[in-house]
Structure formats: structure tokens, C-alpha cells
Amino acid sequence: MKQAGADEKPKTRTRTPRPLAEEEGEMEGLPPGIGIAPSPFGAPKLLADGSTKTTLVQLVHETLMQSLDEGVLRPGQRIKAAELAKRLGLSRAPVREALHVLAGQGLVELLPDKGAVMRELTLEDLIQIYEVMGPIARVGVVAATRRIDEGDNRQRVEAAVERIRAARDAPPSFKFYLVLNDFHYLLNAIGQKPYVDYLLGLMNIEYWNRFLAGAIDMRTHIPGYIANYNRLADAVMAGDVRSAAAIMDSHIEWSIGLLERSVTR
């Protein structure tokens, strides 16, 4: 994947949450308007005919995510390049190349005795990702708070937090975290912080969310998440930079605490 250099600034990507289409069974159970977590490959490239270009690496990534959700593939399980190539209608060589790219992104591990396997994340890994992700996301929160009175930014934040509240009624799953992701990507866009967007994408948040949902009792703690995001949205919409930053820090500490309690069980 092409890296953003000093002369190539990532473009701010405004993420409009996808409506629930009939064919999007992956989002079944979520209220209309809920989006999905962005892929780590940036904004889709539009072709002349209006369709989007999907790279081989994206195709392999999406297939692996689908296999995880269907239970066909599990973390730590070997990825058989031949079977994956057959499923995608490709030769083995480009699939192996794509797996090497995904290994560089931390999604896949290449082991001498097993080949490619889906990376497993421990509770300690999840905590460390929170520790790194929190300060990065905080930059977007602060920037959006400073620009909340521009244009329709306030209405956009109100709509985003309402989608978080509505997600309370969906069956608990990693998809709840995707709604939270959408909120942060919106703040990044409002705050015009494309590098925050870019770095969060590089961390493969979509994959991490699946482990997070398995490590935390979501049925018990979703109300806590919603309460935290209500407070955060209130501070952002009030233009209170200090409070928004403090609430974001407090939320990260609270979230890490949930995982630490899981470690000590």
C-alpha cells in the first residue's frame, strides 16, 4: 500500500454512514443509517464508469473478514492460499503476494512451519492498541470541537451520536464498535485531521473490533459506552475543548479498565 509522504497529504475522507440495504446482511440488526468501519486501504478509487476499483489486497482482506464472520476462519488458523485463490478465481501467486502485504499490516502472520495464519490478539495486545489509539483519536476530538460552529457540523455530530444511541437495540456484536468508529471518523473530517484518519486505518481497527467484542461483556457495558459518548458529544457540541479532551481520556482509561479486569479473571 502506498505510504503518504511529505509531498502527499492524505485527503480528508468524509464518511457518510451507509443506509441498511436489503442485500447488506452483514449489518442485519442495526438501525438504518449505521455505517461500517472503514477498510485500512483508504477511500475507494472511482473509475470512469462510476464503479469503484478494488485492489487484489482489498479483495483478499474483505474475503478474510467475511470468513471470520462466517466462522469459516478463526484467529490463529492457517490460511490456505490454494483454497483462497480458488474461491476468488485467482492464481496462487497474486494471493500469496496479497498475504505478504497483509502481513506487513499486522493482519496476517507468516510462519516458517505454517505459512500464513490469521494473527491472534491477546488481551494485552488489545490494551496496548487502546493505549496507542486513544491519544491519536483525541487529536480528532479536539480539532472537531474547535470547528463545531462551522457549517452544519453541529447537526452532523448530533446525527452521529443518535446513531450510537440507536445501536443499543441491536444484538451485541463487534458492529457496535463500528458505529463508534464512524463517530470518530466524522470528527476527524470535521476537524480536518486526515492523518488521524490515516493512522487509525493503518491499525486495522476493523479486525481489532472483533477481538474487543469477544473480550468485553457487551450486553453489560454498552450502556456505559453510550453514556461516555453522550458526554463526549455534549462537550464537542458545546465547543468545550478542555472537557472534550478530558472525557476522551477518561473513556480510554475506562475501556482499558474493562480489559484489565478481563485479564485478572
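# Rings, bridges and helices

Mentor: Let's begin with two aromatic residues: F176 is buried, and Y177 is buried as well. Keep in mind that this is a predicted model.

Trainee: How many aromatic pairs are there?

Mentor: The count comes to seven. In one of them, the ring centres of F176 and Y177 are 6.1 Å apart and the planes stand at 70 degrees. Centres within 6.5 Å make a pair, and planes over 60 degrees apart make it edge-to-face, so F176 and Y177 get that label.

Trainee: And Y207 with F211: what kind of pair are they?

Mentor: Run the test again. Their ring centres are 5.0 Å apart, and the planes meet at 85 degrees, so this pair is edge-to-face. Both residues are buried.

Trainee: What separates Y207 and F211 along their helix?

Mentor: About one helical turn, because they are four residues apart in helix α8. The general picture is that an α-helix has 3.6 residues a turn, so residues three or four places apart point the same way.

Trainee: Which residues join F176 and Y177 in an aromatic cluster?

Mentor: Y225 and W254 do; the four form one cluster.

Trainee: Is W254 buried, exposed or partly exposed, and how do you know?

Mentor: Its relative accessible area is 25%. Under 20% would be buried and over 50% exposed, so W254 falls in between and is partly exposed. You'll find W254 in helix α10. Leaving aside neighbours within four places in sequence, W254 is in contact with H221, G224, Y225 and N228. G224 sits 30 residues away from W254 along the chain, with 9.3 Å between the two C-alpha atoms.

Trainee: One more ring, F174. What makes people say R210 lies over its face?

Mentor: A charge over a ring has to be within 6 Å of the ring centre, and also within 35 degrees of the ring normal. R210 is at 4.1 Å from the centre of the F174 ring and does lie over its face.

Trainee: On to salt bridges. Why is the contact between D249 and R138 called one?

Mentor: The nitrogen has to come within 4 Å of a carboxyl oxygen. Here the N to O distance is 3.0 Å, and the two side chains meet in a salt bridge. D249 belongs to helix α10 and R138 to helix α4, so the bridge ties together parts that are 111 residues apart in sequence. D249 is partly exposed at 29% relative accessibility, and R138 is partly exposed at 31%.

Trainee: How many salt bridges are there by that rule?

Mentor: Five. Another links R147 and E150, at 3.1 Å from N to O. R147 is at 24% relative accessibility and E150 at 37%, so each counts as partly exposed.

Trainee: What about D149 and R154: what is their N to O distance?

Mentor: It is 2.2 Å, and their side chains meet in a salt bridge. D149 has a relative accessible area of 63%; exposed starts over 50%, so D149 is exposed. R154, at 25%, is partly exposed.

Trainee: Which residues of helix α7 are buried?

Mentor: In α7, residues 194–202, the buried ones are P194, V196, D197, Y198, L200 and G201. What covers them includes α4, α6 and α8.

Trainee: What is said about the phi of N204, after α7?

Mentor: It is positive, near 55 degrees, in a residue other than glycine. N204 lies in the loop between α7 and α8. With a relative accessible area of 7%, N204 is under the 20% cut-off, so it is buried.

Trainee: And Q192: where is it, and is it buried or partly exposed?

Mentor: Q192 is in the loop between α6 and α7. At 46% relative accessibility, Q192 counts as partly exposed. Its phi is also positive, about 55 degrees, although Q192 is not a glycine.

Trainee: Last one: which residues have the most contacts inside the largest nonpolar core?

Mentor: L64, L99, M118 and F183, in a core of 73 residues. Take M118: beyond its neighbours within four places in sequence, its contacts include L64, L68, L107 and Y207.

Key. Residues are numbered from 1 along each chain as its sequence is written. This is a predicted model: local features need pLDDT of at least 70, side-chain atom pairs count only at pLDDT 80 or more; totals for chains, interfaces and linings use all residues. Side-chain values use heavy atoms; hydrogens and water are left out. A nonpolar core is a set of buried Ala, Val, Leu, Ile, Met, Phe, Trp, Tyr and Cys residues joined through side-chain atoms within 4.5 Å. Buried means under 20% relative accessible area, exposed over 50%, partly exposed in between (1.4 Å probe, protein chains only). Contact means heavy atoms within 4.5 Å. Helices (H or I, at least four residues) and strands (E, at least two) are DSSP runs, numbered from the N terminus. Rings of Phe, Tyr and Trp (its six-membered ring) pair if their centres lie within 6.5 Å; planes under 30 degrees apart count as stacked, over 60 as edge-to-face and the rest as tilted.
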